[in-house]
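These are notes for a first reading of the model. Please keep the structure open while going through the points.

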Amino acid sequence: MPKIYEGNSIPISDAELASLIDAYPKPASLAEYSYGTAGFRYEASLLPCVFVRMGIFSALRSASLGGEEVGVMITASHNPEPDNGMKLADSHGGMLDADWEAHAVSLANAPTSKHALALIDTLAQYAKGHNPPKDEKDGYYYHQPTKVGKLPKMVVHVGRDTRSHSPPLAALVIRAARAMGATVIDHGKVSTPMLHHFVMHANGHLLPNIIPQRCNESGYYEIMALSYAALLRTGGRSKERLPTTAKLVIDGACGIGALKIEKFGKIFAQLHAEGRTNGLPLLHTVNFPGDGPLNDSCGAEFVQKQQLPPKLFKASGVSKQYMTSFDGDADRVVFHYEDDAGKFHLLDGDKIAVLVTAFIQEEIRCIDPEEQAVKCGVVQTAYANGSSTLYLKNVVKTNVVIAKTGVKFVHAAAHHNFDVGVYFEANGHGTVLFGPKFYDFIAAAEARLRGTRRHDRANIALRRLRALPALVNQSVGDAMSDMLLVDAILYLKGWDLSTWAKLYNDMPSKQAKVKVADRTVISTNDNETAAVSPTSLQTALQSAMDTLASQETGSGPKPRCFVRPSGTEDAVRVYAEANSQRGADSLASEAMMLVYKLCGG
């Protein structure tokens, strides 16, 4: 059960707030905190300063929304054990609004408590509905000091992963939020998607009616497990699970996901005892917290980047024909298996996007053959394998949009471009977003099909589509949710991982990094598929791609490469793919040479 600290909306005095901020100064070794694609993330000893300030900030964000509840998740996701960080959840359950990201960065980097208090006061006045005149000085906003006084209602949800330094960091967030008078709900150890789920469901007025409101951990498991079971039941009572998918082995990355997935096993046992749901798999979890170092030689990040099976720290004799790997905070998932010859096969986020999109569009076409009611599509990044993009366009016949790399960008693009928007980055982070037109489509279909036979194909499709918004986490990528979705689709199709893997063959690819003196020398277009500056760079890269294309044979996708500046260091990231590994390696090497030569390597 979460621990609730009731607040009174009255902040402590400015002097006390300044004292709290001064007690945790900004480290001298760190020039500036930056907010990445999913929040602040650094070596743990560098974080107390920013955690105190973000505890204050999260309370003010809730106040600015009129008391809508927000969240802070303490995690460094797939990073090594010594690192930590935080992800901020807005009231809709998704990531922090981009405008408020800038405020968060300003507060994190305020050089003194005086500067911090000025920003806090500005945000507090805004939250109270006041918009005082602002004079910008040295990058900070100042105005005549005012007593903050009572603020609107503030509620902050806090969760943390299994890292040893997460509890003291969480305590700082809780202390700071309470100092602002916020009510704080401490959920303890939870996965990142669970914390986002709690926030989304706590703001019930923002939740679609088709999704039952469940604000706590038991409700999270219940809503997901029951919608998963409902999806399985659409296969009919006579359908049986393939022997090769009877046991699903889950690599928990020695993180929080391993602890939480066990709860589903108990619910599955109950559903099996009731006798209403066929096809429930046996879940076998490996790599628990304490079995080995977090994310070390295991988990989704390692498996996807290294293209190797995870190390099993305290498990032996485990079947490897149906496996999945989570990352440290359980918001990424990839599937993998070893064939009869012992060869490793990876099914990454691109493969998940193809499977899920094809399934959803097939069900929609059973109700609306002309596909006029809702617009479906997939958002990919420049890192998506070219074979997956071609398959989506030519076989699935869906819309594909390329967005800038980073969860917040692909999530926004899926929401903006489609009524049913699927996004899965190659690393396994992704979800399916359902917009208002989808819910209107479901309501219209229910009215039209009322009274028809339950086993008519259109009716089956309706029941399948209706189960998805509750099963698929609508706020962020969720390893547990996505795992169940993929498993249900494979079960309904009668496929195992080897059948799924044969949909298309990935183009061989190569990723690399080039150190440069100043990464800002390079800029790209909006979706990072082409370099804009230096102007000569893209011309040279295109020439390298054209030369390789002229040497390759076959009808596969053309060779391509792109470069993009790192978001965290003075380096340029290089990606290349071709119809052979030799070609991909050669293209990547030439791109690296061009970056070094033209961009100050």
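1. Ser 297 is a useful place to start: at a relative accessibility of 26% it counts as partly exposed, because that class lies between the 20% limit for buried and the 50% limit for exposed. This is a predicted model, and the remarks below should be read with that in mind. Ser 297 sits in the loop that runs between strand S10 (282-286) and helix H9. Its phi is near 60°, which is a positive value in a residue that is not glycine.

2. Why single out a positive phi? Most residues other than glycine have a negative phi, and most peptide bonds are trans. Gln 307 is another residue to look at here, with a positive phi of about 55° although it is not a glycine. Gln 307 comes just after H9, in the loop between H9 and S11.

3. The peptide bond also deserves a check at one proline. From Ser 533 to Pro 534 the bond is cis, with omega near -5°. Pro 534 belongs to the loop between strand S20 (531-533) and helix H17 (535-551).

4. Which residues of helix H9 (residues 299-306) are buried? They are Gly 299, Ala 300, Phe 302, Val 303 and Gln 304. The cover over these buried residues includes strands S9 (247-251), S11 (323-326), S12 (333-338) and S13 (344-347).

5. Next, the helix pairs. Two packed helices are described by the angle between their axes and the distance between the axes. Helix H10 (residues 349-367) packs with helix H11 (residues 386-396) at an angle of about 15°, and their axes are 10 Å apart. H10 and H11 are therefore roughly parallel, since angles under 35 degrees count as such. The crossing of H10 past H11 is right-handed. On the H10 side, the contact is made by Asp 350, Ala 353, Val 354, Thr 357, Ala 358, Gln 361 and Arg 365; on the H11 side, by Ser 388, Tyr 391, Leu 392 and Val 396. By class, six of the residues in this contact of H10 with H11 are nonpolar, three are polar and two are charged.

6. Helices H3 (residues 98-108) and H4 (residues 113-127) have axes that come within 9 Å and cross at roughly 150°. H3 and H4 are therefore roughly antiparallel to each other. H3 brings Trp 100, His 103, Ser 106 and Leu 107 to the contact, and H4 brings Ala 116, Leu 119, Ile 120, Leu 123 and Tyr 126. Seven residues of the contact of H3 with H4 are nonpolar and two are polar, with no charged residue.

7. Helix H6 (residues 192-202) and helix H7 (residues 217-233) pack at about 95°, with axes 10 Å apart. H6 and H7 are therefore roughly perpendicular. Their contact is made by Met 194, His 197, Phe 198 and His 201 of H6 together with Glu 217, Tyr 220, Tyr 221 and Ile 223 of H7. Five residues of the contact of H6 with H7 are nonpolar, two are polar and one is charged.

8. In soluble globular proteins, nonpolar side chains tend to be buried together. How many residues does the largest nonpolar core have here? It has 87, and those with the most contacts inside it are Phe 264, Phe 335 and Ile 360. Helix H15 (residues 479-493) gives the largest share of this core, eleven residues. Apart from it lies another core, of 55 residues, among them Leu 169, Leu 172, Val 173 and Val 184. Not counting residues up to four places away in sequence, Ile 360 touches Val 420, Val 432, Phe 434, Leu 465 and Leu 468.

9. Ile 256 lies in helix H8 (residues 256-274). Is Ile 256 buried or exposed? With a relative accessible area of 0%, Ile 256 is buried. Leaving aside neighbours within four places in sequence, Ile 256 is in contact with Thr 162, Lys 189, Val 190, Ser 191, Gly 328, Asp 329 and Ala 330. Ile 256 and Phe 288 are 32 residues apart in sequence, and their C-alpha atoms are 7.9 Å apart.

10. Leu 594, in helix H18 (residues 581-598), is buried, with a relative accessible area of 10%. Outside its neighbours within four places in sequence, Leu 594 is in contact with Leu 537, Ala 540, Leu 541 and Cys 599. Leu 594 and Met 154 are 440 residues apart in sequence and 52 Å apart from C-alpha to C-alpha.

Technical notes. Residues numbered from 1 in each chain as written. Predicted model: local features only at pLDDT ≥ 70, side-chain atom pairs only at ≥ 80, totals over all residues. Heavy atoms only, no water. Axes fitted to C-alpha atoms, helices over the stretch in contact; angles between N-to-C directions. Helix = DSSP H or I, 4+ residues; strand = E, 2+ residues; numbered from the N terminus. Parallel < 35°, antiparallel > 145°, perpendicular 65-115°, else oblique. Left-handed = near helix turned anticlockwise from the far one by under 90°. Contact = heavy atoms within 4.5 Å. Nonpolar A, V, L, I, M, F, W, Y, C, P; charged D, E, K, R; others polar. Core = buried A, V, L, I, M, F, W, Y, C linked by side-chain atoms within 4.5 Å. Buried < 20%, exposed > 50% of the residue type's maximum accessible area, 1.4 Å probe, protein only.
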